[in-house]
Amino acid sequence: MEICIVTHKVGYGDGQGRVNYEVTLEALRQGHFTTLLSSEISPDLESHSQVTWVPIKVANWPTELARNIAFSIQCASWLRQHRAKFDLIQVNGAITSTPADVNAVHFVHSAWLRSPVHTFRVRRNLYGAYQWLYTALNARWEKRAFQRSRSIVAVSDKIAQELISIGVSPQRVKVIVNGVDGEEFVSGPVNRSSLGLPEDVTLALFAGDIQTPRKNLDTVLLALAQLPSLHLAIAGRTEGSPYPKMANQLGITQQTHFLGYRRDMPALMKAADFFVFPSRYEACTLVLLEAMASGLPVITATTAGGAELVTSESGIVLSDPNDVETLAQAMANLIGDTKLRERMGQAARSTAKQHSWATMAEQYLQLFETMHQHPDLFKICYRQHSLKKIKPGKKYGANQITL
């Protein structure tokens, strides 16, 4: 097949970029030729004989919104001239106006716009207004993009439900959970002091953007104030963050360890006893699977995409991310029971092993193959905006579907 993938980045250090990188590698492994319309790609792909990179240059535009618009226009212009050469086009959300075969959805702006913790509801200033405009425009564009896509991939059950809530037929949605590197994220001994962390204490880990209330560090700190024996490592940029001051006001500075932005997450996860991440809104996050692969029990909330992977055997899922008392009790249960943490960690690791990057990429390629082999079926489904049940032996267009 000749495959075209449209995305801002292809490579490490970015969730969506990593997904597309792994899908590209699997496509190459299976012998497919792949064209990447992207602003950045991993160096190992640039010289690959089966890869064509079409650089989309947007760095000089002043804002993220302007860069996204420029990216969309350039991609649409290029695809109008070259669309006919491809057997399949995969895009991500509203990244371009060109109709696609597969739309892999990592974030639903329409759902984020309704969230009570959206930036414009928290920051009533020019920045908040810009964020509202950014989200509102993307919410409008993405609905059109989903209508013009033959198949929709949701990267979590939460994303799938959000797609359905804005009118996408459930039959058109396929959930393919993001992957994790089970060799990079593993359990094992580590010297905490080398990471700036205390030895001989129970240590929880929180990781994410701590410059806004969305990730919910404030509730974690309030719960921590009730647990004097627990220490908390916090990975995230502290510039402009209100939470170091909040920790000081709560009198828990000795228990909190603000580490700043870190690139050594595998080591930090080895150092922790459990992971706490009750995000108020999360479409899908790689960090949950990374913690599980590291053998950590996980405390999260139903509002976090990916929480569906956490069972009672591997962690604790809160129904209300803002319930301080319930969160404190959940953490207290893990503090006082080493064997429980060990059992949960083993179960978490077992779950994560089922979601490797290779497994994820194979699912994408299976979908690509099905669409390529039965194009008439998917054309019918696209026109009707729904996938009807396929009946064995029934002809759809020129193809015979055999189940």
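The exercises below, each with a worked solution, go through some helices, one loop serine, a cavity and a pocket of this structure.

The structure is a predicted model, in which local features need pLDDT of at least 70 and side-chain atom pairs count only at pLDDT 80 or more, while totals for chains, interfaces and linings use all residues. Residues are numbered from 1 along each chain as its sequence is written, and side-chain values use heavy atoms, with hydrogens and water left out.

**Exercise 1. Find what span helix H1 should have, and describe its ends and its burial.**

Step 1: Helices (H or I, at least four residues) and strands (E, at least two) are DSSP runs numbered from the N terminus, and the expected span of a helix is 1.5 Å times one less than its number of residues. For the 15 residues of H1, residues 15–29, this gives 21 Å, and the end C-alpha atoms are 21 Å apart, which agrees.

Step 2: At the N-terminal end, Asp14 caps H1 through a side-chain oxygen that lies 3.4 Å from the backbone nitrogen of Gln16. After H1 comes Gly31, whose phi is positive, near 90 degrees.

Step 3: Buried means under 20% relative accessible area, exposed over 50%, and partly exposed in between (1.4 Å probe, protein chains only). By this rule 11 of the 15 residues of H1 are buried, including Arg18, Asn20, Tyr21 and Glu22.

**Exercise 2. State how many residues of helix H8 are buried, and what covers them.**

Step 1: H8 runs over residues 217–224, and 7 of its 8 residues are buried, among them Leu217, Asp218 and Thr219.

Step 2: The cover of these buried residues is judged by contact, meaning heavy atoms within 4.5 Å. It includes the strands E10 (202–207), E11 (230–235), E12 (256–260) and E13 (274–277), together with the helices H9 (243–250) and H12 (324–335).

**Exercise 3. Describe the surroundings of Ser156.**

Step 1: Ser156 sits in the loop between strand E8 (149–154) and H7, and it counts as buried because its relative accessibility is 1%.

Step 2: A polar contact is a pair of N or O atoms within 3.5 Å; within protein, one must be able to donate a hydrogen and the other to accept it, and residues adjacent in sequence count only if both atoms are side-chain atoms. The side chain of Ser156 reaches the backbone nitrogen of Ile159 at 3.1 Å, and a polar atom of that side chain lies 2.9 Å from the backbone oxygen of Ala283.

Step 3: Leaving aside residues up to four places away in sequence, Ser156 touches Val175, Ala283, Cys284, Gly305, Gly306 and Glu308.

**Exercise 4. Describe the largest cavity and the second largest pocket.**

Step 1: On a 1 Å grid over the protein atoms alone, a cavity is a set of points where a 1.4 Å probe fits but cannot get out, and a pocket is an open set with protein on both sides within 12 Å along at least five of seven lines; lining residues have an atom within 4 Å of a point.

Step 2: The search of the whole structure finds 1 cavity of 30 Å³ or more, and the largest cavity has a volume of about 50 Å³. Among the residues that line the largest cavity are Val177, Asn178, Cys284 and Gly306.

Step 3: The second largest pocket has a volume of about 230 Å³ and is lined by 17 residues, of which Ala272, Asp273, Gly295, Leu296 and Arg341 lie nearest its centre. Helix H13 gives the most to this lining, with 5 residues.

Conventions
Grid points are joined across faces, edges and corners, and a volume is the space filled by probe spheres set on the points.
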